[in-house]
Amino acid sequence: MKHSTGEAAGKGNYRCILCSEIIILKEDSEKLPACPRCDSTKWIKTDSNPE
Ligand SMILES: [Zn+2]
């Protein structure tokens, strides 16, 4: 399922569709940023844990 920058998509891990950067939202109210690496605005929720 795809999500966009500015969307409060719920806490969890999101992977950038372009460069595979992983970001983590820690609160359900937190909004997705633009990708810090490639500036993409599209994310896919992922269960993989970067730790
Ligand atoms: Zn990216």
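How many bridges join strand 1 to strand 4, and in which sense do the two strands run? Strand 1 (residues 2-4) and strand 4 (residues 42-46) are joined by three bridges and run antiparallel. The model described in this report is predicted.

## Overall form

The secondary structure of the chain consists of four strands and zero helices. Along the sequence, the pattern reads β-β-β-β.

The C-alpha atoms occupy a box of roughly 25 × 25 × 20 Å along the principal axes. The radius of gyration is 10 Å, which agrees with the value near 10 Å that a compact globule of 51 residues would have. Of the 51 residues, 10% count as buried. Contacts between residues at least 6 apart in sequence include many of long range: 50% of them join residues at least 24 apart.

## The sheet

The four strands form an open sheet in the order 1-4-2-3, with antiparallel pairing. Strand 1 and strand 3 (22-25) each have a single partner strand and stand at the edges, so one side of each lacks a neighbour in the sheet. From one strand to the next, the twist averages 40°.

Two pairings involve strand 2 (residues 12-16). Four bridges link strand 2 to strand 4 in the antiparallel sense, and four bridges likewise join strand 2 to strand 3, again antiparallel. Strand 2 and strand 3 form a hairpin with five residues between them.

## Bridge partners across the strands

Individual bridges show how the strands are placed in register. Tryptophan 43 in strand 4 stands opposite histidine 3, and tryptophan 43 is also the bridge partner of cysteine 16. Tyrosine 14 likewise has two partners: isoleucine 23 in strand 3 and lysine 45 in strand 4.

In a regular strand, the side chains alternate between the two faces of the sheet.

## The nonpolar core

Which residues make up the largest nonpolar core? This core has five residues in all, namely Tyr14, Cys16, Leu25, Cys35 and Trp43. In soluble globular proteins, nonpolar side chains tend to be buried together. Three of the core members have already appeared in the bridges: tyrosine 14 pairs with isoleucine 23, and cysteine 16 pairs with tryptophan 43.

Leucine 25, another core member, has contacts beyond its sequence neighbours. With residues up to four places away in sequence left out, leucine 25 touches Ala9, Lys11, Gly12, Tyr14, Glu30 and Leu32. Among these is Tyr14, itself part of the core.

## Positive phi in the loops

Two residues other than glycine have a positive phi. The first to be considered, serine 20, has phi near 70° and belongs to the loop between strand 2 and strand 3, where it lies in the turn of the hairpin. Is serine 20 buried or exposed? Serine 20 counts as exposed because it has 12 C-beta neighbours inside 10 Å, and the exposed class holds residues with 12 or fewer.

Aspartate 39 also has a positive phi, of about 70°, although it is not a glycine. Its place is in the loop between strand 3 and strand 4. Aspartate 39 has 11 other C-beta atoms within 10 Å and is therefore exposed.

## The loop between strand 3 and strand 4

Arginine 37 is found in this loop as well. With 12 C-beta neighbours inside 10 Å, arginine 37 counts as exposed. Beyond residues up to four places away in sequence, arginine 37 touches Cys16, Cys19 and Glu21. The C-alpha atoms of arginine 37 and isoleucine 23 are separated by 11 Å, and the two residues are 14 apart along the chain.

Threonine 41 belongs to the loop between strand 3 and strand 4 too. It is partly exposed, because 16 other C-beta atoms lie within 10 Å and a residue counts as buried at 20 or more. Apart from neighbours within four places in sequence, threonine 41 is in contact with Ser4, Thr5 and Ala34. Threonine 41 and isoleucine 17 are 24 residues apart along the chain, and their C-alpha atoms are separated by 8.8 Å.

Definitions and conventions:
Residues are numbered from 1 along each chain as its sequence is written. This is a predicted model: local features need pLDDT of at least 70, side-chain atom pairs count only at pLDDT 80 or more; totals for chains, interfaces and linings use all residues. Two strands pair if DSSP finds at least two bridges between them. Axes are lines fitted to C-alpha atoms, for helices over the stretch in contact, and angles run from 0 to 180 degrees between N-to-C directions. A nonpolar core is a set of buried Ala, Val, Leu, Ile, Met, Phe, Trp, Tyr and Cys residues joined through C-beta atoms within 7 Å. Two residues are in contact if their C-beta atoms, placed from the backbone, lie within 7 Å. The radius of gyration is taken over C-alpha atoms; the globule rule is 2.2 Å times the number of residues to the power 0.38.
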